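Here are my notes for you as you read through this structure, set out as numbered points. Please keep the sequence and the 3D view side by side while you go through them.

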Amino acid sequence: MPSERFTFLPWAMEVPEVAEDQPRPFERPYLCAIGGEGRDYRVLADAMRMAPELRLAIVARPASVEGISFPDNVKIFTNLPAPVTWAIAKQSCGMAIALRSDHTPNGHVTMVGAQRLDVPLVVTRSAGVADYVDAQTALMVQPQEAADMAQALRETADDPVGAQVRAARARANAERECDPRVWLRYFVDLDARFKSLA
């Protein structure tokens with residue numbers, strides 16, 4: 001089927017609800033990783049072993065982290081309510097979305113939510129998320145490369161100004177392209193076109 005017959009509508013969501021007065025998982029600045037589908041938490045565990053000075057809070061489903069040995073600078077949380085999860089993200093200095101391969105099509109909800117909350121991103125370079133992030137809006141890393149991930153996590157933590165510049169670009173893109181009003185405008189226009197053909 002010709003590609004021009006398809007309309008791309010990016011994932012749309014409101015700014016996530018953030019729990020108030022949520023205790024921080026670490027007293028010092030920390031990074032986070034959130035999500036369960038298509039994630040590579042083994043590479044994050046290896047990256048954090050390479051960067052013992054960093055701290056990482058992971059919020060995932062139990063099956064996503066089962067059987068993985070994490071170093072002491074990582075805290076694991078499972079099955080948290082969404083507002084608590086987003087509080088952990090919002091309080092962090094950056095979020096890692098480690099995907100399994102360069103074609104993994106997962107992480108969109110987490111990615112857009114982080115963008116709407118102004119959270120800097122480190123994302124595995126994947127064709128499955130290329131419509132949502134690039135080198136201007138996130139630090140992009142190679143799949144299954146722990147050293148590359150460790151370097152990007154360090155850069156995010158050590159250069160908060162640069163991280164916030166990327167996050168601001170990402171937030172602006174998400175406000176423009178991933179707001180539910182984008183879908184609303186599309187369907188209002190589609191309805192008008194159908195009515196004009198009646």
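**Notes on the predicted model**

1. Phe26 is buried, and Tyr30 is buried as well. Please keep in mind throughout that this is a predicted model. The ring centres of Phe26 and Tyr30 lie 5.9 Å apart and their planes meet at 45°, so this pair is described as tilted. A search of the whole structure finds three aromatic pairs, and another of them is formed by Phe8 and Tyr132, which is edge-to-face, with 6.4 Å from centre to centre and 80° between the planes. This second pair links distant parts of the chain, since Phe8 belongs to the segment before E1 while Tyr132 sits in the loop between strand E5 (121–124) and strand E6 (139–141), 124 residues apart. Tyr132 counts as buried because its relative accessibility is 13%, and the cut-off for buried is under 20%.

2. Strand E1 covers residues 31–34, with Leu31 and Ala33 pointing one way and Cys32 and Ile34 the other way, and all of these are buried. This fits a general pattern: in a regular strand the side chains alternate between the two faces of the sheet. E1 runs parallel to strand E2 (residues 56–60), and four bridges join the two; within that pairing, Cys32 has Ala57 of E2 as its bridge partner. Between the two strands the chain passes through helix H1 (residues 41–50), and this β-α-β crossover from E1 to E2 is right-handed.

3. Which cysteine sulfur is closest to that of Cys32? It is the sulfur of Cys93, and because the distance is 8.5 Å, the two are too far apart for a bond. A disulfide would need the sulfur atoms within 2.5 Å, and by this rule the count for the structure is zero disulfides. The surroundings of these two residues can be described separately: Cys32 is buried, with a relative accessible area of 0%, whereas Cys93 counts as partly exposed at 23% relative accessibility.

4. Strand E5 is covered on both faces, for Leu121 and Val123 on one side and Val122 and Thr124 on the other are all buried. Three bridges join strand E4 (residues 95–97) to E5 in a parallel arrangement, and in this pairing Ala96 stands opposite Val122. The path from E4 to E5 goes through helix H4 (residues 108–116), and this β-α-β crossover is right-handed. E5 also pairs with E6 in the parallel sense, again over three bridges, with Thr124 standing opposite Val141 of E6.

5. Where is Ser126 found? Ser126 lies in the loop between E5 and E6, and with a relative accessibility of 6% Ser126 counts as buried. Not counting residues up to four places away in sequence, Ser126 touches Leu99, Ser101, Asp102, His103 and Thr104. In addition, a polar atom of the Ser126 side chain lies 3.0 Å from the backbone nitrogen of Gly128.

6. Helix H3 (residues 82–91) has Val84, Thr85, Trp86, Ala87, Ile88 and Ala89 among its buried residues. When you look for what covers the buried residues of H3, you will find that the cover includes E1, E2, strand E3 (74–78), E4 and H4.

7. Ser64 has its place in helix H2 (residues 62–65). Is Ser64 buried or exposed? With a relative accessible area of 18%, Ser64 is buried, a value to set beside the cut-off of under 20%. Leaving aside neighbours within four places in sequence, Ser64 is in contact with Gly35, Gly36 and Tyr41.

8. Arg171 is found in helix H6 (residues 160–177), where Arg171 counts as partly exposed at 29% relative accessibility. Not counting residues up to four places away in sequence, Arg171 touches Gln115, Arg116 and Asp118, and the Arg171 side chain makes a polar contact of 2.9 Å with the side chain of Asp118. Arg171 can also be placed relative to strand E1 through Ala33, from which Arg171 is 138 residues away in sequence and 18 Å away in space, C-alpha to C-alpha.

Notes
Residues numbered from 1 in each chain as written. Predicted model: local features only at pLDDT ≥ 70, side-chain atom pairs only at ≥ 80, totals over all residues. Heavy atoms only, no water. Buried < 20%, exposed > 50% of the residue type's maximum accessible area, 1.4 Å probe, protein only. Pairing = 2+ DSSP bridges. Right-handed = clockwise from strand over helix to strand, strands pointing away. Contact = heavy atoms within 4.5 Å. Polar contact = N/O pair within 3.5 Å; in protein donor to acceptor, adjacent residues only side chain to side chain. Phe/Tyr/Trp six-rings, centres within 6.5 Å; stacked < 30°, edge-to-face > 60°.
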